[in-house]
Amino acid sequence: MALNFVQTQRISQKQIQRLNQVQIQSLKYLAMNSFDLRDAVYAEANKNPALEIVKDEIEEGENEGSRTSGLSDYTRTGTASKSGEEKSDAFQSILESKADTRESLSEHLLFQFNVMNLKENQRVLGTKLIHNLDKNGFHILAPVSFLDFETDSQEDLEKCISIIQNLDPVGCCCSNIEESLFVQAKAVKNPPELALFILDGHLNFLNPPVASKVLKHITDFAREESEKAFNPKDYSFVKELSEEDVEEAIDFIKNLDPHPARNFSSNENAYIVPDVYVTKIPFVKSGSTTDLVINGSDENAHSFLIKKASGIVPEIAVSKDYLDIARMKNLPEEQKKTVTESIQNARQIMEMIKYRQDTILEATCAIVEAQTEFFEKGPGHLEPLVQRQIAELLSVHETTISRLANEKYLQCEWGIFPMKYFFTTGVSQGSDKKSGETISKDRIVFEMKKLIDAQKPGEKKLSDQKLCDILNAMGIKVARRTIAKYRSQLNIASSYDRV
């Protein structure tokens, strides 16, 4: 049997979009974090003399830090000799060139943390928390952003934080100095109760640290709080306080260390700066400001102001000298071509950086608008949101939002969060998956855990079905098996085994 092959030609039209070099470079800048972009800008400025660094807040800050702003009445001044200055410079050079051989804070904490008997997910979570500490031993990113709801629970997070806080040095893995001092105070055997009260949100009472004035601050505060309706706290202990008690508390607090990580090397410390700030402000009427403002759900409450971070990436401009050269009439053609290309390249870099800044701000506005409840109430209130939704709002490709969310950080009143944190999948409510109604897993877990934690000792424990009924009544329609699944992932026992 013979086979006959016939060759034919067909003409078809296809529309293919190809990115030019400027667009490709723009996307590369968009994917960079602030520090990488800073290095890229300086690299371009070194290659292109038409690109000028106009302002660099980091460099200016370092220079200003070396100046003195004035002399006190107790300062002695004098002029060093030339040989004295040379010896001083040589000594300083030796100090700066000497390697820091001290153990890093993360190494010291991990050595202690890894010998503990913990679940595997807790060990992973604790390691992330330790690597998230800055040179002072405080959180860089909000700890809740490291939670993996597939394996971790809020109890896991709280347990890991508590363990790390009580490792040597005590007081690390905290949000700020005040929390660190409070942790250190609780770790001491029989600490003064008044010292614990002051460190538990009332450190401002120590301004100034004079016993009589501190006692007055405490007395006035206790009186005002006691006069409030439905105040559950008892401040009767204040009536028995004396200046001697206050003096004892002040001396105790003075012996605590506000910088517990000071004796460790800072070589491994990570530095994360936010790319954008979201600040809660009084409600702003539409069109009354030129700032980027997203209104909250309650018009009588507040709005959210969105601002880009500044300081890391230097400000750039086209060199005025090069512009003057380009205007010269008798400039040789070859030289004029080189100058023109350099100027054009400098302007393209400026446009690419502006595109990056504008895209980050526009995406942040869209995120804040989609996740308003989170910015109002905090973690546990995320709505289902995928990168495709933000891409459609901004009329860009989904990969552009993926690049934007990479290594970018947002700071709000709840802490610093990776941009990726705000993208979460939705869970279909009820049995009708075609209805299109979804709710984020973050919200379901938060509400479910809140119900379980609210139960008092001795009360009948809420079963999965009861939790399902309560959540359904709240408008969160989920199946009982979904509740059982999430409860199991949170390592919460069933109602029969729960203590």
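Helices (H or I, at least four residues) and strands (E, at least two) are taken here as DSSP runs, numbered from the N terminus. The model is predicted, so local features need pLDDT of at least 70 and side-chain atom pairs count only at pLDDT 80 or more, while totals for chains, interfaces and linings use all residues. Residues are numbered from 1 along each chain as its sequence is written, and side-chain values use heavy atoms, with hydrogens and water left out.

A good place to start is strand E1 (residues 51–55), which holds Lys-55. Lys-55 is partly exposed, with a relative accessible area of 32%; buried stands for under 20% relative accessible area, exposed for over 50%, and partly exposed for values in between (1.4 Å probe, protein chains only). In sequence, Lys-55 and Pro-314 are 259 residues apart, yet their C-alpha atoms are 5.7 Å apart in space.

The protein as a whole has 19 helices and 9 strands. Of its 499 residues, 40% count as buried. Contact means heavy atoms within 4.5 Å. Among the contacts with a separation of 6 or more, 66% come from residues 24 or more positions apart.

Helix H1 (residues 21–31) buries Ser-26, Leu-27, Tyr-29 and Leu-30. These four cover an arc of only 160 degrees around the axis, which puts them on the same side of H1; the arc is that of the directions from the helix axis to the C-beta atoms. A general rule is helpful here: an α-helix has 3.6 residues a turn, so residues three or four places apart point the same way. The buried residues of H1 pack against helix H2 (34–47), helix H13 (333–370) and helix H16 (398–405).

Two packed helices are described by the angle between their axes and the distance between the axes. Axes are lines fitted to C-alpha atoms, for helices over the stretch in contact, and angles run from 0 to 180 degrees between N-to-C directions. The axes of H1 and H16 come within 7 Å and cross at roughly 40 degrees. That crossing makes H1 oblique to H16, where angles under 35 degrees count as roughly parallel, over 145 as roughly antiparallel, 65 to 115 as roughly perpendicular and the rest as oblique. On the H1 side the contact is made by Leu-27, Leu-30 and Ala-31, and on the H16 side by Thr-400, Arg-403 and Leu-404. The residues of this contact divide into 4 nonpolar, 1 polar and 1 charged. In this grouping Ala, Val, Leu, Ile, Met, Phe, Trp, Tyr, Cys and Pro count as nonpolar, Asp, Glu, Lys and Arg as charged, and the others, Gly among them, as polar.

Further along the chain, helix H7 (residues 154–165) has 12 residues that should span 16 Å at 1.5 Å a residue, and its end C-alpha atoms are 16 Å apart, which agrees. The expected span of a helix is 1.5 Å times one less than its number of residues. Buried in H7 are Asp-156, Leu-157, Cys-160, Ile-161, Ile-163, Ile-164 and Gln-165. Their cover includes helix H5 (105–113), helix H6 (120–131) and helix H8 (177–187).

The loops that follow hold some backbone details. Most residues other than glycine have a negative phi, and most peptide bonds are trans. In the loop between H7 and H8 lies Pro-169, joined to Asp-168 by a cis peptide bond with omega about 0 degrees. Cys-173 also has its place in the loop between H7 and H8. Although not a glycine, Cys-173 has a positive phi of about 60 degrees, and it is buried, with a relative accessible area of 0%. Asn-190, in the loop between H8 and H9, has a positive phi near 50 degrees and is exposed, with a relative accessible area of 67%. Another cis peptide bond, with omega about 0 degrees, joins Asn-207 and Pro-208; Pro-208 lies in the loop between helix H9 (193–199) and H10.

Helix H10 (residues 211–226) and helix H11 (residues 243–254) have axes that come within 9 Å and cross at roughly 100 degrees. This makes H10 roughly perpendicular to H11. Ala-211, Ser-212, Val-214 and Leu-215 in H10 meet Glu-243, Val-246, Glu-247 and Ile-250 in H11. The residues of that contact divide into 5 nonpolar, 1 polar and 2 charged. The buried residues of H10 are Ala-211, Val-214, Leu-215, Ile-218, Phe-221, Ala-222 and Glu-225. Seen down the axis, they fall within an arc of 130 degrees, so they line one face of H10. What covers them includes H9 and H11.
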